[in-house]
Amino acid sequence: MSTLLLSTSPSNYCVPSSPFSQHRITILVHYTKQHKPLRNHFIVLSFSASSSTKDVWRKTTTPPSSLKTPPYRRKQQSSYLDHSVDMDELLSSIGQTTNEHELFALMSPYKNRNLSMRFMVTLLSRESDWQRSLALLDWINEVALYTPSVFAYNVALRNVLRAKQWGLAYGLFDEMRQRGLSPDRYTYSTLITQFGKEGLFDDALSWLQKMEHDHVSGDLVLYSNLIELSRKLCDYSKAISIFSRLKSSGITPDLVAYNSMINVFGKAKLFREARLLVKEMRSVGVLPDTVSYSTLLTMYVENQKFLEALSVFSEMNEVKCPLDLTTCNIMIDVYGQLDMAKEADRLFWSMRKMGIEPNVVSYNTLLRVYGEAELFGEAIHLFRLMQRKSIEQNVVTYNTMIKIYGKTLEHEKANNLIQEMQNIGIEPNAITYSTIISIWGKVGKLDRAAILFQKLRSSGIEIDQVLYQTMIVAYERAGLVAHAKRLLHELKRPDNIPRETAITILARSGRIEEATWVFRQAFDAGELKDIAVFECMIELYSRNRKYTNLIEVFEKMKGAGYFPNSNVIALVLNAYGKLQEFEKADMVYKEMLDEGCVFSDEVHFQMLSLYGARRNYEMVETLYQKLDSNPNVNKKELHLVVAGIYEKANRVNDASRIVNRMTYRGTMRS
């Protein structure tokens, strides 16, 4: 090992700030208690933005060919003296070293000693400092001349990843390969998990691709971790793609993985696919549990599909799946949404008989149900009952009661509740203020509403989109259009709310120019971290037939690493169709399919229509045959769409063929 330049200045230690730097960077890596050097080699990290191959880490003094195992490696011994060495004492001594020379000197007595590789790997695994672990790895490989071990490299990888030394992780991986080692499942699992946890999701997926290319089989835990990371990042299309890879690799998902995917399909608004997962679970011997059904219920409630939620609850009772607190709370809400206040009331008061103690969410939900059903007496009774029984009340409890008083326009009682909650230490939030502002607007107390709004803005309280929109509506309702426009105009340069919030408010208010201006400013500043903002802008442009702008946002969305959901893809395909850019539509459709995205039927049918509009009947027929063999596609709708395409093109024979095929199969009634 060559002796290279040392530097005592901590300023010489640097790590590449960006994995996409186009420059070759020479780095002196230092370690010390006071930044003294330990691993004192020139380390070169070469980066290329145009290369798909990640950066490599090499010592400039060591040509790649010399990294392979030389013939003078020590041979495996038949017996070792591991037990004669106190590992704790040795680790303590290693911890006192301040540079690589000291560490090598400390280890020199063991150079020719019969210590096993297992001992050395254990020693390496107990050294948590990433720089010492790299120096120790060098000593094992290049001084003591052990045969390179994938286990030793895996430990070193773990340490540098925990220290977030991403460039060195790529380098160690490359060095493994140069030494003739094959990365194993643990290697890839460590890389994928650590990069994923830090939000470097594209890197994590690139490691997954390398793993699959090397024919290293992943395990359930690895895929489940990736799915969960995707879900937390709200990147549901990626989660679906990974789930597809999991199953195609021959791994049967467990209950946790299935429940995560029910949630993912729900968030992606792929309701049928989420429901079909429950059937699939039964077919592979994984019984859906309370969490499975609760997740389905949540999905339907969040999307206001209350009848479907009621159906799931009935199925849950039929299979005798036990209820829990979450299920009961959801169903109290569902009953209320379906104007079934009696059923909600009955379920609430029967919870204790089932051994389920209602919590503050249960009480708050029933309060809201009473309010929506205009059972104001019952609501007030329940509210005071909570206080008499010392049941914890929170800001949601008071917000619900304030809204109930607003229904009867009792603004003074609503205002008194705000005073009451503050007296007992419950701080009003934006919903509290937006509710009272809305009430004052309805009873003609606009001056009070405006004064409160201005006080809130000057007080530093975060003004969310609900509060802003409430004040805009109050101005418009009072005929003060200029005041409403002024508020909207202020959002172009928001100083008291995040720009993501401002974009959402402007988009939902239909203010295209202002929303576009803020969106571009926020995107250029790297402030857009929420996929929902991109989706909101795409929906705004679609509603207003601004198809070029829609495609611009879609490209930015993809460039930022977000996977579009099925609804976004439908809007994008429609935009390409309106712009007569059929080839681009076809490319996006196929690209997303290759990535494992799951589309709703409407997306497939839209692509069929675009092929028809382009008079590409060969592709119409190809896609039709493919969808016809897909058991998850609605066959009746499929045949009607294809028959309509042929009929519109005056291809009567083809249209007749499709209709006859549909009738023959009994897809529709004769």
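The following exercises, each with a worked solution, concern burial and salt bridges in a predicted model.

Residues are numbered from 1 along each chain as its sequence is written. Local features require pLDDT of at least 70 and side-chain atom pairs pLDDT 80 or more, whereas totals for chains, interfaces and linings use all residues, and side-chain values rest on heavy atoms, without hydrogens and water.

**Exercise 1. Determine which residues of helix α16 are buried and how they are arranged about the axis.**

Step 1. Helices are DSSP runs of H or I with at least four residues, numbered from the N terminus; α16 comprises residues 341-350.

Step 2. Buried means under 20% relative accessible area, exposed over 50%, and partly exposed in between, with a 1.4 Å probe and protein chains only. By this criterion Ala341, Ala344, Leu347 and Phe348 of α16 are buried.

Step 3. Viewed down the axis, the buried residues of α16 fall within an arc of 125 degrees, so they line one face of the helix. The arc is taken over the directions from the helix axis to the C-beta atoms.

Step 4. Lys342 and Arg346 are exposed on the other side of α16. The buried residues of α16 pack against α15 (325-337) and α17.

**Exercise 2. Describe the environment of Thr365.**

Step 1. Thr365 is located in helix α17 (residues 360-372).

Step 2. With a relative accessible area of 11%, Thr365 is buried.

Step 3. Contact means heavy atoms within 4.5 Å. Apart from neighbours within four places in sequence, Thr365 is in contact with Asn329, Ile332 and Asp333.

**Exercise 3. Characterise the salt bridges of Lys247 and Arg272.**

Step 1. A salt bridge places a side-chain nitrogen of Lys or Arg within 4 Å of a carboxyl oxygen of Asp or Glu. The whole structure contains 23 salt bridges.

Step 2. Lys247 pairs with Glu280, with the closest N and O atoms 3.2 Å apart. This pair links helix α10 (residues 236-248), which holds Lys247, to helix α12 (residues 271-283), which holds Glu280, the two residues being 33 residues apart.

Step 3. Both partners are partly exposed: Lys247 has a relative accessible area of 33%, and Glu280 has 24% relative accessibility.

Step 4. Arg272 forms a salt bridge with Asp601, and their closest N and O atoms are 2.8 Å apart. Arg272 belongs to helix α12 and Asp601 to helix α31 (residues 601-613), 329 residues apart.

Step 5. Arg272 is partly exposed at 32% relative accessible area, whereas Asp601 is buried at 8%.
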